[in-house]
Structure formats: structure tokens, C-alpha cells
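Open your viewer and get ready to click along. We will take this one stop at a time.

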Amino acid sequence: MSDHGSTKPPAERRSRPRFTLTRRGFLAGTGVTVAAVTLDCKHGETPGIAHGPAEVLGPGRVPIALRVNGVEKRVAVEPRATLAEALRLELDLTGTKIGCDRGSCSACTVWLDGVPVCSCMTFALDAVGRPITTIEGLAVGERLHPVQEAFIEHDAMQCGFCTPGMIMSCAALLGRNPSPTEEDVRTATSGNLCRCGTYPKVFEATLAAARASRMGKEG
Amino acid sequence: MADEKRRMPVGIVSPSSHFRGELTQVDRAVPSPGEPPAWPVNEKLSVVGKPAQRIDGRLKVTGRARYTADIRLPGMLHARIVRSAHAHARVRSIDTSAAERQPGVRAVHVLHHLRDSAQLTDPSKELASRYPVVRYAGQPIAAVAADTPAQADDAARLVRVDYEPLPFVVDLDDARKPGAPLVFPGPAEQGGSGGGGGGAKGVSQVGNVRGPKRSGPIGAAEPGDPDKGFAAAKVVVEGTFRTQVQTHSAMETHGVVADWKPDMLTVHASTQGTASVRDELAEVFELPKSRIRVVTEFMGGGFGSKFGIGNFGVLATHLSKKAGAPVRLMLDRHEEHTSVGNRPSSVQRIRIGAGSDGKLTALYLETHGTGGVGLGAGAARPAQAMYQCPQLLTEEYDVFTNAGPSAAFRAPGHPQGAFALEQAIDELAEKLGIDPIDLRDRIDVDPDPESGNGDSQSRRIERRLGAEKIGWSKRGKAGSDPGRVKRGIGMAQGLWYRFADLDSACEVRILRDGSVEVLSGVQDIGGGIRTALAQVVAEELGLTPADITVRIGDTTFPPGPGSGGSTTTNSITPPARNAAYQAARSFLGQVAPALGAEPSALALQGGKVVVVGDGGRSLGFRQAAARMRTEQVSATVARPEDYHGVGARKARPAQGRPRLAGYGGVQFAAVRVDTETGIIHVERVVAVHDCGRPLNPLALESQINGGVLQGISYALYENRVLDRGRGLMLNPNFEQYKILGAREVPQIDVVLIEEYRGLSSTDAGGIGEPSTVPTAGAVANAVHNAIGVRVRELPMTPARVLAALAGKEAP
């Protein structure tokens, strides 16, 4: 079972919300086509989004810039667009998957400010000015991240649909804890649903990747 | 037919030195002289049987693997389906004008014919209606295509449907009562899909209850007479077992991208059967198959639910035709839960009689189950096929309810059937004072060991291997563990059938630059057939899997089998090997002069063309290929009949019934149960399986892990909940429809035996279904061993455990 209502363990949910509304509350509270957002935006140079106590945006598209995998990308999105939608539809970064679209399967996990988040529960507007890393940005050129290498070696995938999100969760774990226990890996992936049931290999691969990384650093 | 024979290994190789099976060589008649020489056991092969990393692993871990959900075509529109919120209603009228006026909307289509549901045998039993009668909440009505997903969502809400609500029933017990609202006002029928399911024709129906389908032992012409058998019994056990409705919940939802062009319809589909999608498109749109292309490069799981074009695919194709643009239609999670398949529920009343030696004298099983508006709730196969019993009768009933249609789900009927049967057999063992494993040794016997179907033989060894691994000898008496938290061990068995789809073909090409291509319509749904094909062809050509380019999941390639019923490996690897063998013959014929040898003196080994018995004279494979006279040599081969004439399925779709079982599988579970909270924790599972000749132990292990984990999830957590007052699903999501996650994963020990039957040029089979059949039964038997009382209903929630402990009926 996934963690009800929170797909990431507390340590991974450090990021402050920039808006006062949740996505679900926002969607429920607006009409079918008319969307209005009150911004409480304090940081970042944001094309199309001015600073100030309150500004009405939408319902049409708003031009924004997203810093994805180290590159500044300009896109226009409706204020209601999630980060997952913006990545997939506007930037064709389809490695980020949508499995439930309500934060309960973590197939859409990306890093925002280096912290894994469900991109289906994050507004694209919320991600403006903050570094975003997707599965496409995890490898350095052709050199895979140790977790990616280990996933291949240990067969930590079947259909592969949950794999990008799973890897983003496991790679983030190694980033903050180079020597995790299996229990740590379970906690880190407790929000990542894998219907093929590949978890044992995910644990195995992540622990192997941690070992390989430590050896690499020592050697 | 030629009297060609191949000398082949037959028997079992087990990984334990204690229980090595017996291995012999037999001569098998083969269906044609084009069959390659027999392979020896895996130990003597260089690629097959060795762990192989997935050849598409890099694409999957980098996010570059493109699933249907990821397809983007120029000018592509996005579609949204309008669904009924009523569980039963007649549609008076549909007004799409407001939706059509919405910005960005390019097409609207209203559904006039409903697929994937049972249909009235005699449509005149119902008042004529312009639109399909709504029989479940979530039934598709129409669909809208627009420039953006948001525009499609907005417009879909503006489609006005005028419903005349009708009385409905969503509960199995209520639907069986006299006077219950009728789901269908007359007998209804439904055929199966490429994954199984569906119902037999000509079965009687009274009210919502369709049945009984009466059967005897599998393969027998007539059912037995249990009364006679019970009269001869010394011991009788009986019980009623209930199982819930489970949804497939594949991570990638059902969906397509349909691209209608005047000369060609191309459909990217998240499917388990590219051929089944093309067949149904040809039928619905009256197109020649040559003008339809179905592509499934990567797909995010199906578990039996993804065959055919589906209502969503028909809608998307109509929308594309109307709009003159490609249309993407992927379901959302809510629709996925309610409308495109589930495992039917079951209520099973089982009664077993036996002599004091444990030999069964009678078995009677009555099953009722609901697949909503679909058929396929039968759960009696394990009882019909697992144990020898002279007087065996099963009576299966389907009960219609106003709920989404069932679909084939990983071993249709079997996890539910094994949950009841295996607990009843354990009860029998307890009553007789015989160890459950010893009892099974006495009654689990192959009816005809010479037939080539040796699942009892496999299970006999599997029981030994598993018992040793789990520490069966230390198992205590039921309920004997003192204290609040009690531990227990249990086991259960499964069976499945060695199906092959003879509509399976494969082309192998060797190109002049030394590269090798394998082409087939077969799709990889996660089991890893892409990699297995590379292994098989590499073995035949003396190369490595990385040398082989496998292009599959496209109907422009030779027709591939559907991936359902654990048929894929058994269906497509023999033609792949045969094609590689025949392409190699042409290849050697062309390059022989370069080596100054006769083609018959050449062999392909270790990346070289070797002159046999000539002091190792050889030429590299690539260097040899450069000497080819033509740019490529190629062979296309269709799946031959099985050697020895056993077990092959004739053609798509599934026709007839399997004659006998083929695969075994025994699982052991160790659990701890907190008798104060009722929480069950599965600590360990030992899964011992056979699937013919194992091709890729690494991927097989993954698939068995998955079967076990789906089985535990089914046993303890998953449950579709419908609201009796409104007919709506109350948990159509992933937070309230509970699926096992990382924290609930036990230690799993996979033990795979090598089982040689001499049935094809690869002699390999599947593991998808076998790996999930015994799990819930094994967990249930372990729970009984821990707490001393039985939990007879799934999921085994804390409330049910506590009720069982209190000796009360579960809530």
C-alpha cells in the first residue's frame, strides 16, 4: 500500500509550498474553464509572472520558464497545468509517467530543488525558477547514474512504466544517504507503486548501487 | 509428414542435490524436416538458460522507452470519454451541440455499439433503443477530441445525456435473490479474449444467474457422481470460501493513439495482442487488414485485461476519422478501475470425501461469481485438474450485476479456485492426521504421465524443494505458537496449461554487415520476451544477445501471438529458433566457399563460423557475412505443432479446452499474525516453479516475484468496493484501492527447476500465470497454522482475522 495522502516520507517533503492552494482544492474550487490564481510568489525571476501581493492569471496560457535538467526552457501553460503535464506535453520529456494523476503512485517523481516530488501534484507555475531534474537528466551524457546501471544489472524492471519514478526515488535516497539499509530503500520507495511487483530487485539494485558508488569514491 | 525424429532430453533437473529428478533421452517425431537439432540441457548451452540483462533495459532506465501514453504525433488531438454515472439506465437522448461549440473541439462521437460486455442472446427481449442500454456506472457513452487534454475534459462535461434510470443491483448475493432487478432481461452471452475469460455458450440462465456449467475432471467427457463417492468416504470436509473483485491496475492505463489516414490506419495501442487489435479494427471499420497497422513498442502492463480494440479504441478511431487528425485517448485511473476489466468475485462451496488413506473418493464444488456485465467467473479448474478423484463434479454459475465487465486476469479463475481447494485439502489432511505434503504426494498424480504433461511430477519435486527451504519439518501444530503474535507456515499448489498460439511467426535476417534482426508482431508486456528472443537467436547463431536487434510489437512484421495465458514464450520462441536455424543454413551456404568447405561442415560458435573438425579453422561472423552474395538472408517461420502432438492450442482465439495441465508450481508462506490487531504480515515466501526449459532465469525470477506479490496483495489488501445505493465504485484510485507496496514485500526465495518435455525446438514455457495461482491459498494455510482458525474470505483483513478468532462470521 502506498502512504495515504503522502507519497514521500517526511524527509523528502521539505520543500515549502509556494502557493497557498493545493492542486485538488484549486481544481475543485474553480469553474470549468475560468481559473484564477492568487500568487504568493517570493523568489525567482519569472517571465510573465510579476511580483506582488496578488495577481490574476489565466484561464489562458501563461508564458513561463522552467529550468529542466540544467537548461532553461520557455513554455506557455494554463495556470492549472501540472508540472507533469508541462514536462510531457510541452517539453516532450515523456520519461516522467502519469499513473494516477493524484499523487498516489509516484510514477511521476522528479526532483525539484533536488528533492523528489510528485510532478502530478505540483503546478508548473510552482516550479518556476527552481531546478528540476527528470529521469532524462539523471545520466551524464552516456554515463548512467549508478542506480540506473544497477537497475539494468539486477533486472529491477518488468514493464518499466514505474521505473523512471522508482529510479528518481532511489537515486535521491543515495544522494542524501550513501549507505542506506534495505529498510531505508523500502521507505524511500514506499510511495512508488509497481504493479509488476519488482520490489525485491529494486531493493537489491539500490543497495548494490550504493556499494558501487562508495567503492568508486574510495577507489 | 516426414518421419523425422530428434533425440531430446526429457525429465527434470532440480537445483538441489537432494532431489535431482530423473533425466532421460527420448526420440520425438518432429512436424517437419526444417526443425533444428535438439538442444541439450541448459548446462551445455552458452546463452540460453543463463541470466541475461534486458536488451531494452537502457531505454527503460533512461525514460527513453516510448509507451503508448508517450506517443506524440504532429497535429495530435486529445480525447476524453463521457461515461454514465448511472448503474442501469436507458439513454433517451444525447445532445453534443454545446460540446461541439467549445474552443479547440475537433470531433465528437457517440457510441452506438458496446463492446467487451455480455450481450443479450435475443436483443428483442429489450425495448429497442438508439443507444446501448447502460448496465454499469462508468459505461462509455461518447467521446470528444480537442486540441488539448484540458479542452477535451471541459467539452466532455458539456455533453448532455438524458437518462431514464432503471433499477439496478451491484451485490452478488442480492442479484441471486428472486425478484432482483435484472441486469439483462434475458439470457446473455460473451466470448473470451486472447487472454481467456468469457463464458460457454448454451448455458441456461434464470434471472441474473447463468449456470450451472457442469464439469467433471479435466479432459473427462462426463462429470462424476459425487453422491456415490461420498457414500464411500471415511472422512468428509466442507466449507464455503469467498473471494473479492480485484482490478488489474496496470500502471499504464488502457489507451491508444489512433491515426486514420485514407490509405492506412495506424493505431499505437497499449495492448497484449497487436494482432487482436488489428483483427477487431478490421471488423469494426470494415477495412482490409493490410490497411491497418498496430504498434506496441513498449507497454505498461496488462495482466490479461488488454486485448482487442475496446470501446475506447473504437471511439478514438472514429474521432480520428472525423477530425482528420491523430487522436490520443488514454484512460484515467478512475476509468481504468471501473470500466476495462477485473477479476470476478467468487462464492465457493466445496465438499471433499476421502478414504482413511487420504485418497479422494468424491469432490463437489459449486461456484458463484460475478464479473459484473461480463462472464468468466468460473473458478473450478483447479478442482477439476489438480487431484485424482473418481467422482468429481463442479457446477459453476455466473451472476450478472450492474458493475463493470470482468476481463481475463492472470490465471482466470485459478487464484480464487486454489484459495478454496488448497484450504480444503489442508483441512482434510488435518482431519486425517496426515501431513499436508504427504497427503498431496498420495493424491497429486499425473493421470497419464506419458502424455508429456507432467505437472504432478514437477509438483512432487517442488514440494520437496520448498519444504526443505522453508523448514517445513519445524512447522508446529496449528495455533500452537504461544503469545500474542503467532507465526505459522503453510503451502499451496497451482497448475496452469501449456498453451501455444500457432498463429505465431517470426523472421530472422542476417545482414551483410553481420548484424542480425528478429522481427515479429509479438509484444513485450514486461515478461522480457524481447530479451528471450535475442537469447534464442544468439544461441542458434553462436552470438550474444547484444548482437541481436529485436524489432517486435508491430503488425507489419510476421504475426505474433497474444501475450495472455502464459503463451508468449511457448508460442514465439520455437519459430524464432527455427527461423534463425534456417537463416543460418542460407548464410552458411553463401559463405562456405570463403572457407573452402562444404556448408554441412560449418558450425556457428563463439561469434565465428567454424569448420568442424579442422583444427579450429574459422572466420569471424562479421567477416563471413561480408562475403555474402546478397545484402541479407532471411527466413520466416510459423509455430509448428508441438512435437509429440501434445497440448498445443490450435489458433487464435482460444478454442476448445486444454486437454490437461502442463505447469505446476508450489508455494510456501511464513506469516506472523497479531491476534490483538488482526494484522497479518507475510514474512517469507518460497516459490518453487517449473516452466519447461528456463530461458532467462533473471527475468523469470522477476516475474515470479511479481506473481507472488500480486498474490499477497490479493490475499490481504485489494478489494473493489461498490456503493449499493448508487452503484458507484467507492475506491477508484490507488489510495483506497489498496495494493501491496514496498513496505509489505516479504523475503521471496525463487526456486526454478528445469523441466524438459521435448515438446518444441526450445521446449520453453511461460511463468506469468503459474506464479500467482497458489499464493493466496498458501498465505491462508499459513494463517491457519499460526492462529488455529481458518479465514475463508478474501481479502484477509484484520477485521476478518479477529472475527475468525472470535469464532464469529466475518463482517
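This tour goes from the interface between two chains to the cavities inside. Keep in mind throughout that you are looking at a predicted model.

**Stop 1: where the chains meet**

Colour chain A and chain B differently, then select the residues of each that touch the other. You should pick up 51 residues of chain A in contact with 61 residues of chain B. Between them, chain A and chain B bury about 4,900 Å², and 54% of that area is on carbon and sulfur atoms.

**Stop 2: charges across the interface**

How many salt bridges does the rule find across the interface of chain A and chain B? There are 10. To see one of them, show the side chains of Lys201(A) and Glu701(B): they meet in a salt bridge, with 2.7 Å from N to O.

Now stay on chain A and select its helices α2 (83-90), α3 (146-153), α4 (163-176), α5 (182-188) and α6 (199-218). Each of these gives two or more residues to the side of chain A that touches chain B. Colour that side by class and you will find 20 nonpolar, 16 polar and 15 charged residues. For polar contacts between chain A and chain B, the count is 26 residue pairs, both residues being at pLDDT 80 or more.

**Stop 3: the largest cavity**

Next, look inside. A search of the whole structure finds 10 cavities of 30 Å³ or more. The largest cavity holds about 580 Å³ of space. Which residues are closest to its centre? Select Ile525(B), Gly527(B), Thr568(B), Gln703(B) and Gly768(B); these are the closest of the 40 residues that line the largest cavity.

Then highlight α13 (529-541), α14 (568-595) and α16 (697-716) of chain B, each of which supplies at least two residues of this lining. The helix α13(B) gives the most, with four residues. By class, the lining of the largest cavity divides into 13 nonpolar, 24 polar and three charged residues.

**Stop 4: the second largest cavity**

Our last stop is the second largest cavity, with about 70 Å³ of space. Among the residues that line this cavity are Tyr136(B), His337(B), Asn402(B), Arg720(B) and Met729(B), so select those to find your way there. What classes of residue make up its lining? The lining of the second largest cavity has six nonpolar, five polar and one charged residues.

Notes: Residues numbered from 1 in each chain as written. Chains lettered and ligands numbered in written order. Heavy atoms only, no water. 1 Å grid on protein atoms, 1.4 Å probe; cavity = no way out; pocket = protein on both sides within 12 Å on 5 of 7 lines; lining within 4 Å. Points joined across faces, edges and corners; volume = space filled by probe spheres on them. Nonpolar A, V, L, I, M, F, W, Y, C, P; charged D, E, K, R; others polar. Contact = heavy atoms within 4.5 Å. Buried area = accessible area lost by both parts, 1.4 Å probe. Salt bridge = Lys/Arg side-chain N within 4 Å of Asp/Glu carboxyl O. Polar contact = N/O pair within 3.5 Å; in protein donor to acceptor, adjacent residues only side chain to side chain.
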